[in-house]
Amino acid sequence: MRSSLTLVGTLWAFLSLVTAVASSTSYFLPYWLFGSQLGKPVSFSTFRRCNYPVRGEGHSLIMVEECGRYASFSAIPSLAWQMCTVVTGAGCALLLLVALAAVLGCCMEELISRMMGRCMGAAQFVGGLLISSGCALYPLGWNSPEIMQTCGNVSNQFQLGTCQLGWAYYCAGGGAAAAMLICTWLSCFAGRNPKPVMLVENIMRNTNSYSMELDHCLKP
């Protein structure tokens with residue numbers, strides 16, 4: 001089975017898959033931000049949360065220790081996090097599509113040409129840029145009441161208070177940076193240039209096929 005990728009292209013396909021999986025997995029995990037509330041550890045992503053308070057008997061607050069997503073898009077604590085959810089999700093989807101095509105290029109001949117590889121690299125740059133934009137928007141939501149309750153009521157935009165950033169946030173940003181810088185550069189050398197002989201053969205084959213069809217149509 002012949003590949004349509006060069007040796008550099010194979011490395012590009014592998015790194016594309018790794019960066020896409022790293023960014024997408026981090027996007028779905030609720031470990032972007034760590035804090036505490038009512039003596040219990042609390043963690044957030046953009047649209048998910050682990051451990052949340054509910055009203056118990058006597059109107060007292062108790063912590064439910066489980067992870068889940070917000071009930072609706074409008075329930076996400078801040079507009080910045082809503083934008084971050086959309087932008088980061090779009091970037092992850094784009095990286096996953098390019099990674100899938102790159103992996104298929106390892107198994108299918110003439111799937112990815114040199115020009116196609118560069119176009120896919122441009123798509124990776126856009127995907128990484130979207131995820132990076134989402135990471136930049138994330139701190140704008142730290143002034144919402146829900147986050148302030150978790151961060152000692154002293155958090156603000158770009159000020160964490162008693163909270164700290166989680167590993168998933170860094171993993172998403174690192175995957176985006178690798179996609180933008182490394183994968184985009186490797187994509188310029190990923191695809192194979194079509195061989196001149198193959199081009200001539202394809203042109204001759206198409207010409208002969210057209211001539212046969214034309215002769216058949218002209219016959220009475």
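Analyst: Contact, as the word is used here, means that heavy atoms lie within 4.5 Å. In this predicted model, threonine 46, setting aside its neighbours within four places in sequence, is in contact in that sense with Tyr27, Trp32, Tyr70, Ile76, Trp81, Cys84, Thr85 and Tyr138. Threonine 46 is found in the loop between β2 and β3, and its C-alpha is 8.7 Å from that of proline 77, a residue 31 positions away in sequence.

User: Why does threonine 46 count as buried?

Analyst: Its relative accessibility is 0%, and buried means under 20%, so threonine 46 meets the criterion. For the protein as a whole, 38% of the 220 residues count as buried.

User: What makes the pair of tyrosine 27 and phenylalanine 47 tilted?

Analyst: The structure holds 13 aromatic pairs, and in this one the centres are 5.2 Å apart with 50 degrees between the planes. The distance lies within the 6.5 Å that a pair requires, while the angle is neither under 30 degrees, which would be stacked, nor over 60, which would be edge-to-face, and therefore the pair is tilted.

User: Why can the pair of tyrosine 27 and phenylalanine 47 be said to tie together parts that are apart in sequence?

Analyst: Tyrosine 27 belongs to helix α1 (residues 7-28), whereas phenylalanine 47 sits in the loop between β2 (40-44) and β3 (48-55), so the pair joins parts 20 residues apart in sequence. Tyrosine 27, with a relative accessible area of 9%, is buried, and phenylalanine 47, at 13%, counts as buried too.

User: How do you know that tyrosine 138 and tryptophan 142 are edge-to-face?

Analyst: Their planes stand at 90 degrees, with the centres 6.3 Å apart; since the pair cut-off is 6.5 Å and edge-to-face applies over 60 degrees, both conditions are satisfied. Tyrosine 138 counts as buried at 0% relative accessibility, and tryptophan 142 is buried at 5%. Ring pairs also place Tyr138 and Trp142 in a cluster with Trp32, Phe44, Trp81, Tyr169 and Tyr170.

User: Why are α1 and α2 called roughly antiparallel?

Analyst: The axes of α1 and helix α2 (residues 79-105) cross at roughly 150 degrees and come within 8 Å. Angles over 145 degrees count as roughly antiparallel, and therefore the two helices are described in that way. The crossing of α1 and α2 is left-handed.

User: What makes up the contact of α1 with α2, in nonpolar, polar and charged residues?

Analyst: From α1 the residues include Trp12, Leu17 and Tyr27, and these α1 residues meet a set in α2 that includes Thr85, Cys92 and Val103. The residues of this contact divide into 12 nonpolar, 6 polar and no charged.

User: What makes the phi of asparagine 51 worth a remark?

Analyst: Most residues other than glycine have a negative phi. Asparagine 51, however, has a phi near 70 degrees, which is positive; asparagine 153 likewise has a positive phi, of about 60 degrees, although it is not a glycine.

User: Where do asparagine 51 and asparagine 153 lie, and why is asparagine 153 called exposed?

Analyst: Asparagine 51 has its place in strand β3, and with a relative accessible area of 10% it is buried. Asparagine 153 lies in the loop between α4 (145-150) and β5 (164-165); its relative accessibility is 53%, and exposed means over 50%, so asparagine 153 counts as exposed.

Methods:
Residues are numbered from 1 along each chain as its sequence is written. This is a predicted model: local features need pLDDT of at least 70, side-chain atom pairs count only at pLDDT 80 or more; totals for chains, interfaces and linings use all residues. Side-chain values use heavy atoms; hydrogens and water are left out. Rings of Phe, Tyr and Trp (its six-membered ring) pair if their centres lie within 6.5 Å; planes under 30 degrees apart count as stacked, over 60 as edge-to-face and the rest as tilted. Helices (H or I, at least four residues) and strands (E, at least two) are DSSP runs, numbered from the N terminus. Buried means under 20% relative accessible area, exposed over 50%, partly exposed in between (1.4 Å probe, protein chains only). Axes are lines fitted to C-alpha atoms, for helices over the stretch in contact, and angles run from 0 to 180 degrees between N-to-C directions. Angles under 35 degrees count as roughly parallel, over 145 as roughly antiparallel, 65 to 115 as roughly perpendicular and the rest as oblique. A crossing is left-handed if the near helix is turned anticlockwise from the far one by less than a right angle, and right-handed if clockwise. Ala, Val, Leu, Ile, Met, Phe, Trp, Tyr, Cys and Pro count as nonpolar, Asp, Glu, Lys and Arg as charged, and the others, Gly among them, as polar.
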